[in-house]
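Let's take a walk through this one together. Have the sequence and the 3D view open side by side, and we'll go from a single pair of side chains out to the whole fold and back.

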Amino acid sequence: MPSHVLVPVDGSPQSVQALRFVATEWEDVHVTLLHVINPVKRGYRASVLPSGSEDWYQEAKADAEEILEEARTAFGRDDGVTTKTEVGRPAATIVEVAQEPEIDHVVVGSHGRRGVSRLILGSVAEHVARRSPVPVTIVR
């Protein structure tokens, strides 16, 4: 049984399913809810944000706080739950955070795309499962 689970959240029904899975499978586990601000969505490279991007970042940070608060509420308990916001490409950032010593499991929601759709859009869950240093559970 894991003692500290990382659950990436993006406000999607899939991330809520991942939260519900953790809540029902492991009642006493410590949980870190992670939201990744993706600058690529705004046309910026993850490593270079142009000048004048402070307004964009503040808006994205406020959105992240709202998503994390909704996730905490959906999880159903406050004790043993921490939140974290990072900036970067979601899949790589999740793997990076999973390398922190206290994290011993990742639970990630998946859209369950197949075929051409998965090839074009990529799969965060697949990337995390292949590169994570700790076990990964994918929830659909």
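Which side chain meets Arg72 in a salt bridge? The partner is Asp78, with N and O 3.1 Å apart. A salt bridge here is a side-chain nitrogen of Lys or Arg within 4 Å of a carboxyl oxygen of Asp or Glu. Before going further, a word on what you're looking at: this is a predicted model, where local features need pLDDT of at least 70, side-chain atom pairs count only at pLDDT 80 or more, and totals for chains, interfaces and linings use all residues. Residues are numbered from 1 along each chain as its sequence is written, and side-chain values use heavy atoms, with hydrogens and water left out.

Back to our pair. Arg72 counts as buried because its relative accessibility is 16%, while Asp78 is exposed, with a relative accessible area of 52%. The cut-offs are simple: buried means under 20% relative accessible area, exposed means over 50%, and partly exposed is in between (1.4 Å probe, protein chains only). Arg72 lies in helix H2. Helices (H or I, at least four residues) and strands (E, at least two) are DSSP runs, numbered from the N terminus. Leaving aside neighbours within four places in sequence, Arg72 touches Leu33, Arg77, Asp78, Val81, Thr82 and Thr83, where contact means heavy atoms within 4.5 Å.

Now zoom out. The protein chain has five helices and five strands, and from the N terminus on they follow the order β-α-β-α-β-α-β-α-α-β. There are 140 residues, of which 39% count as buried. Take the contacts between residues at least 6 apart in sequence: 76% of them join residues at least 24 apart. As for the outside, the chain exposes about 8000 Å², and carbon and sulfur atoms supply 47% of that. Those accessible areas come from the Shrake-Rupley method with a 1.4 Å probe, and for residues only the protein chains shown count as cover.

For a look inside, try Leu33, one of the contacts of Arg72. Leu33 sits in strand E2 (residues 30-37) and counts as buried because its relative accessibility is 0%. What surrounds Leu33? Beyond its neighbours within four places in sequence, the contacts are Val7, Val9, Leu19, Leu68, Ala71, Arg72, Val81, Thr82, Thr83 and Lys84. Val9 is 24 residues away from Leu33 along the chain, yet their C-alpha atoms are separated by 6.5 Å.

Helix H3 (residues 90-98) is another good stop, with Ala91, Thr93, Ile94, Val95, Val97 and Ala98 buried. Which elements help cover those residues? Among them are strand E1 (4-8), E2, strand E3 (81-87), strand E4 (105-109) and H5.

Let's return to the charged pairs. Side chains of opposite charge can pair when their charged atoms come close. The structure holds four salt bridges, and one of them joins Glu100 to Lys84, with the closest N and O atoms 2.5 Å apart. This pair links distant parts of the chain, as Glu100 is in the loop between H3 and E4, Lys84 is in strand E3, and they are 16 residues apart. Glu100 is partly exposed, at a relative accessible area of 25%, and Lys84 is partly exposed too, at 22%.

A further salt bridge brings together the side chains of Arg130 and Glu126 (2.9 Å, N to O). Glu126 is found in helix H5 (residues 124-131) and counts as partly exposed because its relative accessibility is 22%. Its C-alpha atom is 8.7 Å from that of Ser110, which is 16 residues away along the chain. Arg130 is exposed, with a relative accessible area of 62%. Why are Arg130 and Glu126 separated by about one helical turn? It's because they are four residues apart in helix H5. Salt bridges that share partners also join Lys84, Glu86 and Glu100 into one network.

Finally, look at the surface for a patch of negative charge, where Glu54, Asp55, Glu59, Asp63, Glu66, Glu69 and Glu70 gather. Patches are made of residues with over 30% relative accessible area and no salt bridge; like charges are joined within 9 Å, and nonpolar side chains (Val, Leu, Ile, Met, Phe, Trp, Tyr) within 5 Å. Lys and Arg count as positive and Asp and Glu as negative, with His and the chain ends not counted. The place of a charge is taken as NZ of Lys, CZ of Arg, CG of Asp or CD of Glu. Glu69 is found in helix H2 (residues 54-75), and it counts as partly exposed because its relative accessibility is 45%.
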